[in-house]
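Trainee: I should be grateful for a close look at a single part of this model, set in the context of the chain as a whole. Please take me through the reasoning as well as the values.

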Amino acid sequence: MAWLVLIGSGFLEAGWAVSLKLSNGFTRLVPSVVFAVCALASLAGLAWAMKQIPVGPAYAAWTGIGASVTAAIGMVFLGDGVSVLKLVSLVLIVAGVIGLNLSGAGH
């Protein structure tokens, strides 16, 4: 269950990052409120998951999911540039998180 909460929290991290961009420096109300809700929920989920998952793998997974999903949303929906290097880098982030957890760091 802790891993499911952590994965959801990683997606919420992407939600607050994208909302922060869309808030235009907190000048737009709805994205600013979405940012605050996503940020609080994301951090609360991370904190809860860390009761059962060691800090290293938990934080790496949370930031890895958040960074990867945020970058993908930026490329698909927000006009961020797409390149082979960016795509390979995203794969490396995911591979690093998986590798960290498979290495026994999560036990």
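Mentor: Let us take helix H3. At 1.5 Å a residue, its 23 residues should span 33 Å, and the end C-alpha atoms are 32 Å apart, so the expected and computed spans agree. The model is a predicted one, and the confidence in it deserves a word before going further. The mean pLDDT of the chain is 94, with 96% of the residues at 70 or more. Among the elements, helix H2, residues 29-49, has the highest mean pLDDT, 98, and H4 has the lowest, 87. As a general caution, predicted coordinates should not be read in detail where pLDDT is low.

H3 belongs to a chain whose secondary structure comes to four helices and zero strands. Read from the N terminus, the order of elements is α-α-α-α. The C-alpha trace spans about 45 × 35 × 15 Å along its principal axes. Of the 107 residues in the chain, 32% are buried.

Several residues of H3 are buried. In its N-terminal part, these include Pro 57, Ala 58, Ala 60, Ala 61 and Trp 62. Further along H3, Gly 64, Ile 65, Gly 66, Ser 68 and Val 69 are buried as well, as are Gly 74 and Met 75. In an α-helix there are 3.6 residues a turn, so residues three or four places apart point the same way. Ala 61, Gly 64, Ile 65 and Ser 68 are among the residues that line the largest pocket.

That pocket holds about 160 Å³ of space. Its lining also includes Trp 3, together with Val 94, Val 97, Ile 98 and Asn 101. Helix H3 (55-77) and helix H4 (84-105) each supply at least two of the lining residues. By class, the lining comprises six nonpolar residues, three polar residues and no charged residues.

H4, which shares in this lining, also contains Gly 96. Gly 96 counts as partly exposed because its relative accessible area is 40%. The C-alpha atom of Gly 96 is separated by 26 Å from that of Leu 40, a residue 56 positions away along the chain.

The UniProt record, an unreviewed entry, annotates residues 33-50, 59-78 and 84-102 as "transmembrane region". In the model, residues 33-50 are 94% helix and 0% strand, and the end C-alpha atoms of this span lie 26 Å apart. Residues 84-102 are 100% helix and 0% strand, again with 26 Å between the end C-alpha atoms.

The backbone outside the helices also has some points of interest. After H3 comes Gly 79, with a positive phi near 80°. Positive phi values occur in non-glycine residues too: Asn 24 has a phi near 55°, and Phe 26 has one near 60°. Asn 24 is placed in the loop between helix H1 (2-22) and H2, and Phe 26 lies in the loop between H1 and H2. Asn 24 counts as exposed because its relative accessibility is 55%, whereas Phe 26, at 48%, counts as partly exposed.

To return to the part chosen at the outset, H3 has an end-to-end distance that agrees with its number of residues, and it contributes at least two residues to the lining of the largest pocket.

Conventions: Residues are numbered from 1 along each chain as its sequence is written. This is a predicted model: local features need pLDDT of at least 70, side-chain atom pairs count only at pLDDT 80 or more; totals for chains, interfaces and linings use all residues. Side-chain values use heavy atoms; hydrogens and water are left out. On a 1 Å grid over the protein atoms alone, a cavity is a set of points where a 1.4 Å probe fits but cannot get out, and a pocket is an open set with protein on both sides within 12 Å along at least five of seven lines; lining residues have an atom within 4 Å of a point. Grid points are joined across faces, edges and corners, and a volume is the space filled by probe spheres set on the points. Ala, Val, Leu, Ile, Met, Phe, Trp, Tyr, Cys and Pro count as nonpolar, Asp, Glu, Lys and Arg as charged, and the others, Gly among them, as polar. UniProt positions are given in the numbering used here, feature names are shortened, and annotations may be inferred rather than shown by experiment. pLDDT is the predictor's confidence in each residue, from 0 to 100. The expected span of a helix is 1.5 Å times one less than its number of residues. Buried means under 20% relative accessible area, exposed over 50%, partly exposed in between (1.4 Å probe, protein chains only).
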